[in-house]
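Subject: Structure handover

Hello,

Here is the structure I promised to pass on. Please open it beside this message and follow along.

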Amino acid sequence: MTLPAASEPQVSFTDLETADLIVDALYAGGTSGHTGDDPISKLLKGVGNQGGFRYSGSPSKGTVKLAVLYTSGRDVDWPDHLDIETGTFTYYGDNKKPGQGLHNTPQAGNVLLRDVFAASHGTAGDRAEVPPFFLFGKAGSSGRAVRFRGLLAPGGPTLTSDDELAAIWRTTSGLRFQNYRSHFTVLDHDRVPRQLDSAPTRRR
């Protein structure tokens, strides 16, 4: 992935805490050489600064208010993919090696996926509890800069529930284990304002 042209939207590290989220804009990381350089935790207060799943709240307690999916786009074994033609994003869960159960990962990312997709097929009250998901990808070959790719909703209008979230088997060193493959839809909003409580959501 190459760095964007100078004419593309870019936000400096010092401006992150007041910046809106603009689709395909680049958000710079810090230069101190530690996890505090992460831009996502500055853009969205309360989320973590490491890992593919970052959220405000607790998946195990069902209190997640917003969630981030981060992808480097470089894991060939688990190829997260954004289809820009259909607006579908494929994302793999966080059980990527044998030795633990599907839902027993340290970050509880698969618990979050399980519960969110279940809620998306529930009652109107259940669907109202689905948190907004924000998609970020790594920008450039070094440093912590990220690119905002869009606001997500679980599932899609042309997908069955089995297609939306599936537990798939993999084998490593002769050991079998399961991980989730999930599909999200990128919502048709090119800007998410700083006021997160006014962020748009999808009604299904």
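Below are my notes, taken element by element.

One thing first: this is a predicted model. Please keep that in mind throughout.

**Strand β5 and its neighbours**

Start with β5, residues 66-71. Six of its six residues are buried, so the rest of the structure largely encloses this strand. Its side chains point two ways. L66, V68 and Y70 go one way. A67, L69 and T71 go the other way.

Which strands does β5 pair with? One is β4, in the antiparallel sense, over four bridges. Another is β8, in the parallel sense, over five bridges. L69 is a good residue to click on. F53 stands opposite L69. In β8, the bridge partner of L69 is L135.

The loop between β4 (53-56) and β5 holds P59. P59 has a relative accessible area of 7%, so this proline is buried. Now look for Q107. P59 and Q107 are 48 residues apart in sequence. From C-alpha to C-alpha, they are 8.8 Å apart in space.

**The hairpin of β10 and β11**

Next, go to β10 (residues 165-172) and β11 (residues 175-186). These two strands pair in the antiparallel sense over eight bridges. L165 has S182 in β11 as its bridge partner. The two strands form a hairpin, with two residues between them. S173 sits in that turn and has a positive phi of about 50°.

**Aromatic contacts**

How many aromatic pairs does the count come to? Seven. One of them is F133 with F184. Their ring centres are 5.1 Å apart, with 50° between the planes. That makes the pair tilted. F133 lies in β8 (residues 133-138) and F184 in β11, so the pair ties together parts that are 51 residues apart in sequence. Are these two rings buried or exposed? F133 is buried, at 0% relative accessibility. F184 is buried too, with a relative accessible area of 0%.

There is also an aromatic cluster. Its members are F53, F89 and Y91. You met F53 above, opposite L69 in β5.

**The second largest pocket**

Y91 turns up again here. The second largest pocket has a volume of about 270 Å³. Its lining has 17 residues. Those nearest the centre are G51, G52, Y70, Y91 and K96. Which elements give two or more residues to this lining? They are β5 and β7 (88-92). By type, the lining residues divide into five nonpolar, seven polar and five charged. Y70, close to the centre by that ranking, is one of the buried residues of β5.

**Helix α2**

Helix α2 covers residues 109-120, which is 12 residues. From its first C-alpha to its last it reaches 17 Å. The expected value is 16 Å, at 1.5 Å a residue, so the two are close. Nine of the 12 residues are buried, so α2 is largely enclosed by the rest of the structure. Among the buried residues are G109, V111, L112, L113, V116 and F117. N110, A119 and S120 are buried as well.

The loop between β7 and α2 contains A108. Its phi is near 55°, a positive value in a residue other than glycine. A108 has a relative accessible area of 13%, below the 20% cut-off, so this alanine counts as buried.

**Two aspartates in loops**

D24 also has a positive phi, near 75°. You will find D24 in the loop between β2 (21-22) and β3 (26-27). Its relative accessible area is 35%, so D24 is partly exposed.

D37 lies in the loop between β3 and α1 (40-43). At 4% relative accessibility, D37 counts as buried. For a sense of distance, select D37 and H121 together. They are 84 residues apart in sequence and 38 Å apart in space, C-alpha to C-alpha.

**Where to look first**

I would begin with L69, between F53 and L135. Then turn to the ring pair of F133 and F184. Finish with the second largest pocket, and look for Y70 and Y91 there.

Best wishes

Definitions and conventions
Residues numbered from 1 in each chain as written. Predicted model: local features only at pLDDT ≥ 70, side-chain atom pairs only at ≥ 80, totals over all residues. Heavy atoms only, no water. Pairing = 2+ DSSP bridges. 1 Å grid on protein atoms, 1.4 Å probe; cavity = no way out; pocket = protein on both sides within 12 Å on 5 of 7 lines; lining within 4 Å. Points joined across faces, edges and corners; volume = space filled by probe spheres on them. Nonpolar A, V, L, I, M, F, W, Y, C, P; charged D, E, K, R; others polar. Buried < 20%, exposed > 50% of the residue type's maximum accessible area, 1.4 Å probe, protein only. Phe/Tyr/Trp six-rings, centres within 6.5 Å; stacked < 30°, edge-to-face > 60°.
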